[in-house]
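Open your viewer, keep the sequence panel in sight, and get ready to select residues as we go. Each stop tells you what to pick and what you will find there.

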Amino acid sequence: MNIKQLQILDAVVRLGSYRKAAAELHCSQSTITFQLKNLENSLGCFLFEKTGRHMVLTPAGKTALKEAQKILASHSVLMNLKGSKASLTGRLKVGVNETLLEFMLIDVIKEFRLLAPDVFFEVEILDAYRLKTKVKDSEVDIGITFNTGDYPAPLIALPLTASPLGLFASPTLSISESCFFLPGSAPELPLITGSVKSGPYKFFKRFLDRRGIQLGKTMQVGNVHVVKALLEGGLGVSYLPKICVEKELAAGSLVEVPTGLGEIDLGLLLLKNANKEESAAASLLSRMIRTKLLDPNLKTKDFFERTCLMKRKPR
């Protein structure tokens, strides 16, 4: 498998024919066919199947295309670095939410350090509101944060993805299916949170208040690791981004508890200052973040209202 084969796969799907892909890539149609066959052999699966008169991607082909496009985007970033090594110096200060740093950005930062080892890289952990102020005042170069809804000039907010939220608990707890649906319920369960100032906590509390659901006393414990340890110990429930507990859900040590809220997503975005000149290092990291986190299927219509917890009303 090589970059040329991935470029051919992308071009064939994007342009809709071998002939057009061959013209764009300046090769023959027989080369297109040969390279795609080699790619299928390398992957051990069929990428296309015939439906009527058309060739369409198989399920494996769709997965291969998605991953190929990620590799091609990273390859493009690397190729753009040719001759720019000297400019990848200086200082880069990034503002980020702690949850996003740990569960979504570690791999990006690792790759960035390999590409820009001479950059003094600094991360400042901030909540979404303080981060917005820091970017606006040019105290950090870029921010990666959850959506708070309003971003007046000179702020530039670039949507990346939407992270689902949920209520989680230990499977050892006996929680009825209707517990978080029926108004006036009173389960004797503490609500556990890292901070009572967090958006998910305040949003879920509004939901409980509207339904008249009474929980036990809130437990504020400082960080998500303590939250998860208490949840696994069967000491309560917690409403938080699903990305925080994916490993625990897969292992079966935590389960998602149904609620009357339905599907709620929290927006994730890249934040910049239009008045601040972007360094080569900041530009590189921004491209890498978008390559890694940008959801190609993200619905951008009403994104800032739909994925902002302060703008949504609990049912």
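Start by selecting α5, β6 (155-169), α9 (246-251) and α10 (280-293): each of these gives at least two residues to the lining of the second largest pocket. Remember as you look around that this is a predicted model. Which element supplies the largest share of this lining? It is β6, with four residues.

Now find the middle of this pocket. Select F103, M104, K242, I243 and E246, which lie nearest its centre among the 17 residues of the lining. The volume of this second largest pocket is about 510 Å³. Colour the lining by class and you should get seven nonpolar, two polar and eight charged residues.

**Next stop: the largest pocket**

Move on to N97, T99, S198, G199 and P200. These residues lie nearest the centre of the largest pocket, which holds about 900 Å³ of space. Its lining has 36 residues. How do they divide by class? There are 19 nonpolar, 12 polar and five charged residues.

To see where the lining comes from, select α5 (98-115), α6 (128-136), β7 (192-193), α7 (199-211), α8 (224-232) and β9 (238-241); each supplies at least two of the lining residues. You have already met α5, since it also supplies at least two residues to the lining of the second largest pocket.

Stay with β7 for a moment and pick T193, which is found in that strand. Is T193 buried or exposed? T193 counts as buried because its relative accessible area is 5%, and buried means under 20%. Show its surroundings and, leaving aside neighbours within four places in sequence, you will find T193 in contact with S198, Y201, T218, M219, Q220, V221, G222 and V227. One of these, S198, is among the residues nearest the centre of the largest pocket.

**Inside the protein: a cavity**

Rolling a probe the size of a water molecule over the atoms shows where empty space is left. How many cavities of 30 Å³ or more are counted here? The count comes to one, and the largest cavity has about 60 Å³ of space.

Select V94, V96, L101, L105, V108, I109, F121, I144, L285 and I289 to display its lining. By class, that makes 10 nonpolar, no polar and no charged residues. β3 (91-96), α5 and α10 each supply at least two of them, and α5 gives the most, with four residues.

**The nonpolar cores**

In soluble globular proteins, nonpolar side chains tend to be buried together. The largest nonpolar core here has 59 residues, and those with the most contacts inside it are F112 and I289. You selected I289 a moment ago, in the lining of the largest cavity.

Centre the view on F112. Not counting residues up to four places away in sequence, F112 touches L92, V119, F121, A281, L284, L285 and M288. A second, separate core has 18 residues, including A11, V12, L25 and L72.

Keep V12 selected and add N41, which lies in helix α3 (residues 29-43). The two are 29 residues apart in sequence and 18 Å apart in space, C-alpha to C-alpha. N41 counts as exposed because its relative accessible area is 53%, and exposed means over 50%.

**Last stops: backbone details**

Most residues other than glycine have a negative phi, and most peptide bonds are trans. With that in mind, visit three loops.

- Select A153 and P154: the peptide bond between them is cis, with omega near 10°. P154 is in the loop between β5 (142-146) and β6.
- Select S138, in the loop between α6 and β5. S138 is not a glycine, yet has a positive phi of about 60°. Its relative accessibility is 36%, so S138 counts as partly exposed.
- Select D302, in the loop between α10 and α11 (303-306). D302 is not a glycine either, and has a positive phi of about 60°. Its relative accessibility is 45%, so D302 counts as partly exposed.

Conventions: Residues are numbered from 1 along each chain as its sequence is written. This is a predicted model: local features need pLDDT of at least 70, side-chain atom pairs count only at pLDDT 80 or more; totals for chains, interfaces and linings use all residues. Side-chain values use heavy atoms; hydrogens and water are left out. On a 1 Å grid over the protein atoms alone, a cavity is a set of points where a 1.4 Å probe fits but cannot get out, and a pocket is an open set with protein on both sides within 12 Å along at least five of seven lines; lining residues have an atom within 4 Å of a point. Grid points are joined across faces, edges and corners, and a volume is the space filled by probe spheres set on the points. Ala, Val, Leu, Ile, Met, Phe, Trp, Tyr, Cys and Pro count as nonpolar, Asp, Glu, Lys and Arg as charged, and the others, Gly among them, as polar. A nonpolar core is a set of buried Ala, Val, Leu, Ile, Met, Phe, Trp, Tyr and Cys residues joined through side-chain atoms within 4.5 Å. Buried means under 20% relative accessible area, exposed over 50%, partly exposed in between (1.4 Å probe, protein chains only). Contact means heavy atoms within 4.5 Å.
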